[in-house]
Amino acid sequence: LVHATAHAPSRFKVKCVDVCPLGGHVVTGSDDGIGRVWRCADFDAPTAGAAVEPVCELHGHPRAVTDVVYAHAGDRVLTASMADGTSRIWSWGPGHSRPRHLVLQASNETIVADGDSAAPGALAARLSPAEQRPGVRRARRGGQAQFKSVVWSADDQLVITSQSGKRQGGGGEAYDAQQCLKVWHSTSGALLRMIHAHSDECHGL
């Protein structure tokens, strides 16, 4: 599976992969910031000399995609980037057409992308400056927080993220990790709860 683009034909490193629970598709994340959905049937008998093409590309992360997770229902994908400090909840139309996403920011607040609006009273997810485009509110970039791990709840109604960031010392130097677990509504992108439990980085959920 070649991970390249027309603008950057050199191959990119694959960081993560997940298999659709319903079978038939896999999703990959690579260091070009693109998630790709592939049809497994295309692996069986590709045309001689032809590369297998993804059925859907998930463009949004400005930095490497470091985690991809299918929802249990197989109808959405969760991506995360430690480098850009965002996680994204992807959905699409029939045949993986018109992919769209919500953006979860690794900060104390968040916005909802693609013109959707958060539930009343919710903390809205914020986009990084690299993601500003028509239909999305302008937002200030977050700090040094990074998503370490992301998972779906068993019913796909919630997304749980683990993140950490370096707290600053009095002289401006970074010291110890500020760890936080966050619970998000997977449809609206609303931040429902923040849990401060671990005193150091939490890499598993």
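**View 1. The side chains of Arg36 and Asp32 meet in a salt bridge, with 2.8 Å from N to O.** In this predicted model, both partners of the pair lie out of reach of the surface by the accessibility criterion: Arg36 counts as buried because its relative accessibility is 1%, and Asp32, at 18% relative accessibility, also counts as buried because the limit is under 20%.

**View 2. Arg36 also forms a salt bridge with Glu57, the closest N and O atoms being 3.7 Å apart.** Glu57 belongs to strand 4 (residues 56-59) and Arg36 to strand 3 (residues 34-39), so this pair ties together parts that are 21 residues apart in sequence. Glu57 has a relative accessibility of 30% and therefore counts as partly exposed, whereas Arg36, at 1%, counts as buried.

**View 3. Arg39 and Asp42 form a salt bridge in which the closest N and O atoms are 3.1 Å apart.** Arg39 counts as partly exposed at 36% relative accessibility, and Asp42, at 26% relative accessibility, counts as partly exposed as well. Salt bridges that share partners join Asp32, Arg36 and Glu57 into one network. A search of the whole structure finds three salt bridges. As general background, side chains of opposite charge can pair when their charged atoms come close.

**View 4. Four strands form an open sheet in the order 5-6-7-8, with antiparallel pairing.** The edges of this sheet are strand 5 (67-70) and strand 8 (100-105), each of which pairs on one side only, and from one strand to the next the twist averages 20°. Strand 7 (residues 86-91) pairs with strand 8 in the antiparallel sense over six bridges, and within this part of the sheet Arg88 stands opposite Val103 in strand 8. In general, the strands of a sheet pair through backbone hydrogen bonds, either parallel or antiparallel.

**View 5. Ser186 lies in the loop between strand 11 (174-185) and strand 12 (191-195).** Although Ser186 is a loop residue, Ser186 counts as buried because its relative accessibility is 2%. When residues up to four places away in sequence are not counted, Ser186 touches Arg76, Ile89, Leu102, Trp152, Asp156, Gln157, Leu158 and Val159. Among these contacts of Ser186 is Ile89, a residue that falls within strand 7 (residues 86-91) of the sheet shown in View 4, and another is Leu102, which falls within the edge strand 8 (100-105).

Technical notes: Residues are numbered from 1 along each chain as its sequence is written. This is a predicted model: local features need pLDDT of at least 70, side-chain atom pairs count only at pLDDT 80 or more; totals for chains, interfaces and linings use all residues. Side-chain values use heavy atoms; hydrogens and water are left out. Two strands pair if DSSP finds at least two bridges between them. Helices (H or I, at least four residues) and strands (E, at least two) are DSSP runs, numbered from the N terminus. Axes are lines fitted to C-alpha atoms, for helices over the stretch in contact, and angles run from 0 to 180 degrees between N-to-C directions. Buried means under 20% relative accessible area, exposed over 50%, partly exposed in between (1.4 Å probe, protein chains only). Contact means heavy atoms within 4.5 Å. A salt bridge is a side-chain nitrogen of Lys or Arg within 4 Å of a carboxyl oxygen of Asp or Glu.
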